[in-house]
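User: Please take a close look at one part of this model for me: the side chains that pair up, and what lies around them. Keep it plain, and spell out the cut-offs.

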Amino acid sequence: MDSTAPKHRLHFGLAFVTLATLLLQLALVRVFDVILDPNMAYMVITSAMFALGLGGIYVYLFGKSGDDIFCKLPVLALGYAAASLVLLPALNALPFTKDFSGGLWVEVFSWGAMYLLLILPFFIGGVIISVVFAKGSSQSHKLYFFDLAGAGLGCLLLVPLIPSFGPGGLLFVVAASLVISAFFLSALPRVGLVAAIAAAVALIAFPPVRAAMTGEPYLEFRGHGNKRNVDARIQAGLREFVYWDPVSKLDVFAHDDGAKDFQLDGGQQSSYLIGFDGDYGPFREEMENNPDGYFFGLNSLAHWIQRDK
């Protein structure tokens, strides 16, 4: 599938590529915030910027004529979609850990493979964007508009979609956008758009259909930090509830005493909800028997000061 697409179709092809790029980047920021920690989440942003720039440098050094790469834009778009979908099983399979507890060479290989997998889709995206701007330089103002419009829409879509799809499901939305982009970057007749839309709908429908069939609401990224023992408890089947929103992920676990354990972002923060029947006696008794353990941290300062009231 080569590209000799009319230049007006390049605008829409570019918009769907940038939509996918920003949606993928923001989804992975949320993923790494949970499976590792917030510092690693920020690494996604810098890695994406590096890979996009690297794609532009590649086009400058090895694609000066641009014709060969331009003809392969649809294939590159589909490759971008495949590289995005591979992230979920690949990151789940790699044994990298937050504290490098898996052995030096295992960790070096795993972290290196994770980084290469992370930058690959953005590198392909950088190649596509650079070639489109190079071939459509006479319409750069229009291309830039569609570039920004697609990127802005990708950012906006994260907010309504992540509660229903989760980051794992959003990878299929990214792939659907890139399938449609492949059509616009190709010379296929308009009937090809029907096939592209059908494939995109199938990709988008897969996560919710799977959730309905399995009872599991999300395609999960496996944790690699086991913060507050959350990953181990999930694997043991102790989780009662899970929910993603644009800001955080919530996991709820039950305790033997009837309390509920709320874990945010894979254990980055936590809180307990304990049933209370109005009887302060057991709490006062626990304060007297274990004063050093009952009050801890600055968040308990006010309660500690008022302990004798």
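Analyst: **Side chains that pair up**

Searching the whole structure turns up 10 aromatic pairs (rings of Phe, Tyr and Trp, its six-membered ring, with centres within 6.5 Å; planes under 30 degrees apart are stacked, over 60 edge-to-face, the rest tilted). Take Phe183 and Phe184: their ring centres sit 5.2 Å apart and their planes are at 65 degrees, so this pair is edge-to-face. Phe183 has a relative accessible area of 4%, so it is buried (under 20%; exposed is over 50% and partly exposed is in between, with a 1.4 Å probe and protein chains only). Phe184 is buried too, at 14%. Ring pairs also join these two with Phe12, Phe16, Phe145 and Phe146 into a cluster.

A quick note on the background: this is a predicted model, where local features need pLDDT of at least 70 and side-chain atom pairs need 80 or more, while totals for chains, interfaces and linings use all residues. Residues are numbered from 1 along each chain as its sequence is written, and side-chain values use heavy atoms, leaving out hydrogens and water.

Now for the charged pairs. Side chains of opposite charge can pair when their charged atoms come close. Here the whole structure holds nine salt bridges (a side-chain nitrogen of Lys or Arg within 4 Å of a carboxyl oxygen of Asp or Glu). One of them brings Arg239 and Glu220 together, with 2.8 Å from N to O. This pair links distant parts of the chain: Arg239 is in strand S1 and Glu220 in the loop between H7 and helix H8 (230-235), 19 residues apart. (Helices, H or I with at least four residues, and strands, E with at least two, are DSSP runs numbered from the N terminus.) Arg239 is partly exposed at 24%, and Glu220 is partly exposed at 26%.

Strand S1 also takes part in another salt bridge, between Lys260 and Glu240, whose closest N and O atoms are 2.7 Å apart. Lys260 belongs to strand S3 (residues 260-264) and Glu240 to strand S1, so this pair ties together parts 20 residues apart in sequence. Lys260 counts as partly exposed at 30% relative accessibility, and Glu240 as partly exposed at 47%.

What about Lys249 and Asp251? Their salt bridge has closest N and O atoms 3.7 Å apart. Lys249 is buried, with 4% relative accessible area, and Asp251 is buried at 0%. Salt bridges with shared partners join Lys249 and Asp251 to Glu220 and Arg239 in one network.

Next, the nonpolar surroundings. In soluble globular proteins, nonpolar side chains tend to be buried together. The largest nonpolar core in this model has 71 residues, and Phe32, Ile128 and Leu170 have the most contacts inside it (a core is a set of buried Ala, Val, Leu, Ile, Met, Phe, Trp, Tyr and Cys residues joined through side-chain atoms within 4.5 Å). Among the elements giving two or more residues to this core are helix H1 (7-35), helix H5 (104-135), helix H6 (140-184) and strand S1 (239-244). H6 gives the most, with 18 residues.

Look at Phe32 up close. Leaving out neighbours within four places in sequence, Phe32 is in contact (heavy atoms within 4.5 Å) with Asp37, Met40, Ala41, Met43, Val44, Leu91, Met114 and Leu118. Val44 turns up again beside Gln25, a residue of helix H1. Not counting residues up to four places away, Gln25 touches Val44, Ile45, Ala48 and Phe122. Gln25 is buried, with a relative accessible area of 12%.

Some nonpolar side chains sit on the surface instead. A nonpolar patch there includes Phe50, Tyr58, Tyr115 and Leu116 among its members, and its accessible area comes to about 950 Å² together. (Patches take residues with over 30% relative accessible area and no salt bridge; like charges are joined within 9 Å, nonpolar Val, Leu, Ile, Met, Phe, Trp and Tyr side chains within 5 Å.) H2 supplies the largest share, seven residues. Leu116 belongs to helix H5 and is exposed, at 56% relative accessibility.

Finally, step back to the whole protein chain. It has 11 helices and four strands, and buried residues make up 44% of its 309 residues. Its C-alpha atoms fill a box of roughly 80 × 40 × 35 Å along the principal axes.

Note on methods
Areas by Shrake-Rupley, 256 points an atom, 1.4 Å probe, with all protein chains shown as cover.
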